[in-house]
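Hi everyone, thanks for making time this morning. Let me put the structure up, and then we can walk through a few parts of it together.

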Amino acid sequence: DTLIDGLRSIIVEDARMIIEDHMVGITWFLPSIDLAFSKVAEGLIASVDVELPGGKNNASQVQAIMSFGHQSEKFTLDLQLQDFDPHILSKKFQELDWLNDHELYLDGTINAVLDTELTVKSAELALMSHNGIISLPEYYQAPLLYEQISLNGHYDEDGNVEVKELEISAGETTINLSASTNINKDNYTIPLKLEIPALKQSAIKPLWPDTITDISAYEWIVEKLSVGELRNIILTLDILVNTDSHNKTSVKVENILADFDLENMSVDYRPPLMPVSQAYGSGHFENDILSISLKTAKISDLDVTKSDIKITEILSDKVGNANITVDLNGSLQTVFTYIKEEPIDMGDSLDLDFDNIAGNAELNVVVNLPTSKDVSFEDVDVEVKGELNNTRLPKIVRGLDITGGPLILNVSDGYAELEGQAYFDGRLADMKWFQYLRSDGKPFSTKVNAKLGIVRELREY
């Protein structure tokens, strides 16, 4: 035995090291490094503790432990990072120069298995970054600030990549992402899942890409929704990556599905139509159709007991269709105020004294209209069905009032109709009132059939 044979460990402290990598043409200068080599029964353990410049505290700490087995063609590498600045790598490797646009510092661990040619066989990542900046100029004009990003992932030599969890916290919003795929193919699919527990409506616009504002989704989700928040958001999609024979890569997104809940949300369909407020319900997106189902809401002082909204071509620049169904009850005057404004636009069609209408209504309203900005009366289909009670419709028939009820209201196919037992100028009658919303080319504009005892005043009237 020699003296070397009895040596169990070598320790080097506070050294400076220059490493020249002639294969890639890179030189590293390490100003402060501690090294230790230890012989163990299983083989050799090497540890490195190095301080690098550039961290947010003006220092990046990297600790590495490498374990080599006897006659093994693989070794393990366990890295511990503290305030590690990725710019240290991006300035050396052109492939990583995209990191130069971001300001982030990493804490965490990387546990990997490598072969003697330094090929990664497998790796487990648990990384975290605090208070950084991400720059995505192709999507956002201004950099994005975040409080925390954490990543847990896996990779193996067969090309399997799994993002077990990617959590991003920015302001009051937390986003969780997960995905997995195999990248050892020219064409592969990445199924991605995104979850957001709570997202205030006011936080949607800062997160929305500046370069994707010309689609219906931006108008309906960012502009037409306000106040309140979305909860329990779950979004899934497939990212298709294809590489052709010329080594050109294309990316396409398919199979987008989303579910969410709404709390205390306001929906402004189309001013001056009264907006929905205090809305509680749920939403679903699939096949480029956004569906929203409301359990409760308000339209001015009206109670919405149920509402279903369906909008097509939500991710397209094409003109889609909006179908809005609302069950409501409350003030009859508010109901007629609601339907007289654009785009329903019955104010000029119904010969009513809107300001002096009184009573209560329980109605089902169905509106179909295109999602284009310019909508004419002819483009809008409206159906209103329901019951009116304690009604007062002033001067509806040649200056005479209809009061009482119940009356059945039906608005559809270009006409409005009231039928039931009510008081006709103070006299009880079985009546039916009919009016065309557009009377051009029609035999009459308004018609009233009433069965009541005729007195001299009405006969002379």
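Strands E19, residues 381-397, and E20, residues 400-404, pair antiparallel, with 4 bridges between them. Keep in mind as we go that this is a predicted model. If you'd like one pair to look for, find Arg-392: its bridge partner in E20 is Thr-403.

Now stay with E20. Which strand do 2 bridges join to E20? That is E22, residues 415-424, and the two run antiparallel. Thr-403 turns up again here, with Tyr-423 as its bridge partner in E22. So Thr-403 is a handy residue to click on, given its bridge partners Arg-392 and Tyr-423.

Next, the nonpolar side of things. The largest nonpolar core has 82 residues, and the members that touch the most others are Ile-299, Leu-363 and Ile-402. Let's take Leu-363. Setting aside neighbours within four places in sequence, its contacts include Val-326, Leu-328 and Val-335, and also Val-384, Leu-388 and Leu-409. The list has charged names in it too, among them Asp-327, Lys-385 and Glu-387. There is also a second, separate core of 17 residues, including Ala-15, Ile-26, Leu-52 and Leu-106. As background, nonpolar side chains in soluble globular proteins tend to be buried together.

One last stop, at Glu-219 in helix H3, residues 216-223. Buried or exposed, what would you say for Glu-219? Its relative accessible area is 16%, so Glu-219 counts as buried, the cut-off being under 20%. Beyond neighbours within four places in sequence, Glu-219 is in contact with Lys-224, Thr-371 and Lys-373.

Thanks, all, and I'm happy to go back to any of these.

Methods:
Residues numbered from 1 in each chain as written. Predicted model: local features only at pLDDT ≥ 70, side-chain atom pairs only at ≥ 80, totals over all residues. Heavy atoms only, no water. Core = buried A, V, L, I, M, F, W, Y, C linked by side-chain atoms within 4.5 Å. Buried < 20%, exposed > 50% of the residue type's maximum accessible area, 1.4 Å probe, protein only. Contact = heavy atoms within 4.5 Å. Pairing = 2+ DSSP bridges.
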